[in-house]
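Welcome to my notebook. I went through this structure one topic at a time and wrote down what I looked up.

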Amino acid sequence: MLSMFQDMELPPSPLLVGVTGFLSMAGSLAFYAWLRRSTGGGSRAFKACSGTVSRILVYPVKSARAVSLEQCKCLKRGFEYDRRWVVVNTESTRKPAGTDGVDVSMVNHPRMAQIQPKIGHAGGGSAADDESRTTMTLTLSAGGMADVSVTEEQMRSGHEATVHVLRVACRAVDCGDAVASWLSEFLCVPGLRLYHMAESGEGRLSQRDPKWGSLAGPDDVVSFASFAPYLLCTEQSLRDVNDVIGCDAEMERFRPNIVVDCPTVTPYAEDEWLRFDVGGIAFHTMKKCGRCPITQQDPATGEVNLPTLLPKLREYRLDTGDARQGNAPIFGIQVAAGGEGLISVGDRISVPDHE
C-alpha cells in the first residue's frame with residue numbers, strides 16, 4: 001500500500017502524511033496485536049518451513065510434571081513412557097458404569113503438578129537404549145513425601161481393570177497399594193489408584209472418542225493423552241503469545257511433547273501443517289489443540305497464576321471453523337506418527353511446500 005502512494009504524483013497533504021506515518025508504525029506492538037486478531041493469529045501468512053526440534057518433553061503420569069529428554073523413542077501411541085500412567089479416583093460419583101474410576105486432572109487437583117515422575121532401569125540405561133537396560137521402575141517424588149516406586153513386575157502382575165479417561169475407556173493394570181496410599185495422602189483424596197497402560201495392550205483407539213473420533217483413522221491409537229499421541233508447539237507461537245498478551249508464559253504450561261524452532265515462519269503457522277517430517281519420521285495433524293484451564297496454572301505448583309491467559313487468547317485465537325472447539329483458544333497441533341524410531345533435540349523438521 002505504501003508503494004502505491006509513493007507512485008502517485010500528489011503534493012504533500014496532512015492526510016497523506018498521516019497515512020504514511022501510520023503505516024510506518026506497523027511494527028509496533030499495538031499494530032502487531034491487531035494484525036494477529038485480523039488474520040486469525042497469522043496462519044494465513046504461512047509458508048513452508050524447515051527448523052529443528054528444540055525440546056522433547058514426556059509426561060509419564062498424566063497431569064503430573066514433565067520429564068525433559070534429549071532423545072526419545074517415537075512410537076505409534078506417543079513417545080515411550082509418555083502418559084502411560086494415570087491417577088484414577090475409584091470413589092468418584094462420575095465414574096461410568098463398568099469402570100473402576102475416572103482420571104484425576106491437575107485442574108481439579110492442582111497438587112498433581114508437584115509430583116515428579118522418574119523412569120529408572122536396573123541396567124542404568126537411558127530411555128532410548130535397549131541394550132543397557134533391564135527392568136523398568138517408576139518413581140514418584142513430591143515435597144514432604146518419601147519417594148515411592150513401582151516396579152515393572154508390579155505393573156505386569158497387578159489387577160487389570162477398565163478405567164475411563166477423557167471420554168474413552170480402556171484396560172489398564174493397577175500398580176498396587178503402596179503408590180495408591182502415597183497418592184491419596186499427598187493429594188488428600190481417598191480412593192486414588194495408579195494405573196499403567198502396557199505397551200503390549202490395545203491402548204485407546206482415537207476413533208472411540210465421541211467428540212473427535214470422526215477425525216481419526218482406524219489405526220490411530222493413543223496412550224492416556226488427549227485424543228492424539230503427540231502435541232507439537234513452536235517457539236515462535238509462544239513468543240507471540242507473550243508479546244501480544246504481555247505475559248511470560250512458560251512452554252511447560254501448554255504441555256507439548258515436541259517443541260520446534262522454525263525461525264523462517266510466522267507464529268501459528270503450524271495451524272496449517274497437514275503433514276510434516278521430524279527426524280526422518282512422518283507425522284500428520286489430527287486437529288488443532290483447543291486449550292483448557294491447565295494453561296493458566298503454574299506448571300511447577302499447580303496454582304492459578306495467569307488467570308487472564310485464556311480470556312486474552314480467546315480474543316484472537318478461537319477456531320470458528322469447528323464448533324466442537326467451543327470457546328477453547330487454539331495453541332499447538334495434535335499429531336500422530338506414521339512410523340517409529342528415535343527423535344532427538346536438534347533433529348530437522350520439514351514441511352512440504354504444498355502444505
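**Entry 1: the largest pocket**

I began with the lining of the largest pocket, and β18 gives the largest share of it, three residues. I should say at once that the model is predicted. Three strands, β6 (102–103), β15 (230–234) and β18 (281–290), each bring at least two residues to that lining.

How much space lies in the largest pocket? I noted about 1000 Å³. The pocket is lined by 40 residues, and I marked K62, L166, S226, C292 and I294 as the closest to its centre. Sorting the lining by class, I wrote down 16 nonpolar, 13 polar and eleven charged residues.

**Entry 2: the strand beside β18 and β15**

Next I followed β18 to its neighbour. β18 pairs with β19 in the antiparallel sense, over six bridges. One residue I looked up there was G290, whose bridge partner in β19 is I330.

β15 also pairs with β19, again in the antiparallel sense, and here I noted three bridges. For Y230, the bridge partner in β19 is V335. So two strands from my pocket entry, β15 and β18, led me to β19, and I checked how covered it is. Eight of the eight residues of β19 are buried.

**Entry 3: aromatic rings**

Y230 came up again when I turned to the rings: F79, Y230, W273, F276 and F283 form one aromatic cluster.

How many aromatic pairs does a search of the whole structure find? The search gives seven. One of them is Y268 with Y316, an edge-to-face pair at 6.3 Å centre to centre, with 75° between the planes. I liked this pair for where its members sit, since it links distant parts of the chain. Y268 is in the loop between β16 (258–261) and β17 (275–278), while Y316 is in the loop between α7 (309–314) and β19 (330–337), 48 residues apart. Both Y268 and Y316 are buried.

I then took W273 and F276 from the cluster. These two form a tilted pair, 5.9 Å centre to centre with 55° between the planes. W273 and F276 are buried as well.

**Entry 4: charges over rings**

Which residue lies over the face of Y268? I found R317 there, at 3.9 Å from the ring centre. A second case is K287, which lies over the face of W212 at 4.2 Å from the ring centre.

**Entry 5: β1 and its partners**

I traced β1 (residues 50–58) next, listing its antiparallel partners one by one. With β21 (residues 348–350), β1 shares three bridges, and I349 in β21 is the bridge partner of G51. With β16, β1 shares four bridges, and D261 in β16 is the bridge partner of T52. With β2 (residues 67–69), β1 shares three bridges, and L57 stands opposite S68 in β2.

**Entry 6: a small open sheet**

Heading: strand order. I wrote down an open sheet of three strands in the order β4-β3-β20, paired antiparallel. Which are the edge strands? They are β4 (78–79) and β20 (341–344), and each of them pairs on one side only. Between β3 (residues 71–75) and β4 I noted two bridges. L75 stands opposite G78 in β4.

**Entry 7: helix α6**

Is helix α6 (residues 235–245) mostly covered or mostly open? I found it mostly covered, with nine of its eleven residues buried. Among them are E235, Q236, D240 and N242, along with L238, V241 and I245. Just after α6 comes G246, with a positive phi near 80°.

**Entry 8: M112**

My last stop was M112, placed in the loop between β6 and β7 (116–121). Why does M112 count as buried? Because its relative accessibility is 0%, and the cut-off for buried is under 20%. I also checked M112 against V87: the two are 25 residues apart in sequence, and their C-alpha atoms are 9.4 Å apart in space.

Terms used:
Residues are numbered from 1 along each chain as its sequence is written. This is a predicted model: local features need pLDDT of at least 70, side-chain atom pairs count only at pLDDT 80 or more; totals for chains, interfaces and linings use all residues. Side-chain values use heavy atoms; hydrogens and water are left out. Rings of Phe, Tyr and Trp (its six-membered ring) pair if their centres lie within 6.5 Å; planes under 30 degrees apart count as stacked, over 60 as edge-to-face and the rest as tilted. Buried means under 20% relative accessible area, exposed over 50%, partly exposed in between (1.4 Å probe, protein chains only). A charge sits over a ring if NZ of Lys or CZ of Arg is within 6 Å of the ring centre and within 35 degrees of the ring normal. Two strands pair if DSSP finds at least two bridges between them. On a 1 Å grid over the protein atoms alone, a cavity is a set of points where a 1.4 Å probe fits but cannot get out, and a pocket is an open set with protein on both sides within 12 Å along at least five of seven lines; lining residues have an atom within 4 Å of a point. Grid points are joined across faces, edges and corners, and a volume is the space filled by probe spheres set on the points. Ala, Val, Leu, Ile, Met, Phe, Trp, Tyr, Cys and Pro count as nonpolar, Asp, Glu, Lys and Arg as charged, and the others, Gly among them, as polar.
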